[in-house]
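Here is a walk through one protein chain, starting with its open spaces and ending with its interior. Keep the structure in view while reading.

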Amino acid sequence: PSEGHRFRLAAEGSMLREGPREAGLGDPHPGDPAMSGSRLSVRTTYLSALGEQLAMETRAGVGMERRALDPGPFGEGTQERIRVHVGEGSVRWGIDPELAGDWQATAVDLASTLHHIGERHHLKGGLAVRMERLEASGRPAGGWTFEAPSIEGFQAGEGLATRQAGSRPDVSLSSPRIGFFLQDAWQASGNLEIEAGVRVDYQGLPSSLAIRRERWFEVSGIDTAERADARATLSPRLSFAWRSPDTPVAFRGSFGAHRGRHDLSILADVLSDTGGVRVDRYRMQGHGPPPLLPQGAPDAGGTRLSLLGPRFEAPLARVSRLGMELRAGAFTRFDMEFEHRDLRFLPTRRDLNRAPGRWGVDPLGRDIHGEPTGIGDPHILVPGSDRRFPEFDVVTAWESTGTARWTGMTLGMEHHREGRGGVEIAYTISRTTDSTPFEPGAAAAHGAPAMIRATPGVDGGDP
């Protein structure tokens with residue numbers, strides 16, 4: 001603060017343009033899907049001294065990101081170019097209809113912080129405001145996807161075919177977020193510093209999310225208009241650092257609980273998936289591989305929907321760290337840190353229209369709801385056998401039931417000499433566990449895209 005004024009400006013951007021989305025598929029083809037994107041962000045910080053102990057800090061930023069995917073001729077209903085993925089016991093081909101379209105996100109941030117620097121305390125508190133906006137347009141729902149149990153089944157035209165038809169409306173939504181924060185860095189002694197802080201946030205959600213899907217309410221009794229209102233969240237944190245000039249060893253540790261933001265792409269999914277897309281499912285019995293398509297009426301079909309669960313919450317992360325530093329001379333430092341992250345309320349998908357009865361259990365211990373066709377993968381089901389209400393296909397409920405845990409240890413070394421450069425080396429070993437269900441099918445286990453909205457008969461979806 002004694003320097004009077006400080007100003008900092010930072011900007012960064014990137015552009016993306018690529019042809020085939022999957023690797024190892026040969027040279028680009030005029031019918032290949034093409035993805036393009038761009039990202040730009042500008043941030044400024046201004047610090048002004050208000051006296052010997054007071055300073056005002058103002059931060060502002062603007063970020064813009066755009067992503068567009070042209071699905072190619074196949075996405076428009078033709079079969080000039082078809083993606084094929086071969087896995088152990090399963091073959092899938094087609095273009096994922098979920099990714100096509102144009103997405104544009106904009107975020108504006110403004111924060112003002114007042115600092116008070118005393119003899120042993122550094123207090124700061126302030127207000128932060130964020131406005132996010134997401135626009136999604138040009139997202140065709142049409143297209144075919146296929147799954148066969150094997151290469152032989154692929155050549156013979158055995159397996160399942162899925163056709164999506166209809167349209168998803170363009171959506172535009174905004175979500176404001178306001179936060180208040182307070183922090184104190186206390187020099188408890190010459191060797192020990194303790195820092196404590198708390199933040200309170202509130203994120204507003206569009207009121208249009210709480211709309212009743214009338215026909216779904218009539219057949220299921222589930223009222224999609226009943227959901228909890230948005231509420232304020234609390235994020236506390238505490239840390240310490242101990243260092244002495246008399247010993248080469250220093251210790252540090254921290255604990256914090258942080259609430260994240262709602263993902264606007266999920267909210268856009270709910271607002272656009274209101275019944276305008278119909279999904280028809282066919283059991284292929286010798287129709288032959290592409291470009292031949294199933295003929296006649298589908299074996300099963302219905303409208304798809306997306307909605308928010310009654311307690312859809314923002315993600316919560318609890319993070320704990322404990323570290324030790326060892327100084328070896330004037331130029332070398334060794335470091336070791338343990339870290340544990342506990343993530344809660346991650347968004348997951350659940351199929352509300354899944355048949356309640358259980359047909360059996362697959363080799364991984366997962367319940368199978370529906371009748372398998374008996375050709376290869378047990379998750380290739382007889383169309384319609386897994387549906388609770390036949391006039392609907394997958395009815396996706398976004399819920400906050402996902403969890404994840406990450407535990408890791410990092411070892412590092414730094415060696416620096418003034419005017420001579422330096423070397424930094426670090427290695428991290430970690431373990432992650434989460435509640436994300438396996439995507440059924442051997443193809444998915446080898447990296448195949450899901451291609452269709454949820455696999456029939458099994459709950460799924462990434463947090």
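A pocket, as the word is used here, is an open set of grid points with protein on both sides within 12 Å along at least five of seven lines. In this predicted model, the largest pocket holds about 1,100 Å³ of space. Its lining is made up of 45 residues, and those closest to the pocket centre are F181, Q183, R199, R237 and H258. By type, the lining of the largest pocket comprises 16 nonpolar, 14 polar and 15 charged residues.

The chain as a whole contains 21 strands and 4 helices. Of its 463 residues, 41% count as buried. About 24,200 Å² of the chain is exposed, with carbon and sulfur atoms supplying 56% of that area. Taking contacts between residues at least 6 apart in sequence, 72% join residues at least 24 apart.

Next comes the interior. Nonpolar side chains tend to be buried together in soluble globular proteins. The largest nonpolar core here has 16 residues, and L173, L209, L267 and L308 have the most contacts inside it. Two or more residues of this core come from each of β7 (121–137), β10 (171–187) and α3. Helix α3 gives the most, with 6 residues. A second, separate core has 9 residues, including W93, F154, Y282 and M284.

Why is helix α3 described as largely enclosed by the rest of the structure? The helix spans residues 264–272, and 8 of its 9 residues are buried, so the rest of the structure largely encloses it. The buried residues in α3 are L264, I266, L267, A268, D269, V270, L271 and S272.

Terms used. Residues numbered from 1 in each chain as written. Predicted model: local features only at pLDDT ≥ 70, side-chain atom pairs only at ≥ 80, totals over all residues. Heavy atoms only, no water. Buried < 20%, exposed > 50% of the residue type's maximum accessible area, 1.4 Å probe, protein only. Core = buried A, V, L, I, M, F, W, Y, C linked by side-chain atoms within 4.5 Å. 1 Å grid on protein atoms, 1.4 Å probe; cavity = no way out; pocket = protein on both sides within 12 Å on 5 of 7 lines; lining within 4 Å. Points joined across faces, edges and corners; volume = space filled by probe spheres on them. Nonpolar A, V, L, I, M, F, W, Y, C, P; charged D, E, K, R; others polar. Contact = heavy atoms within 4.5 Å. Areas by Shrake-Rupley, 256 points an atom, 1.4 Å probe, with all protein chains shown as cover.
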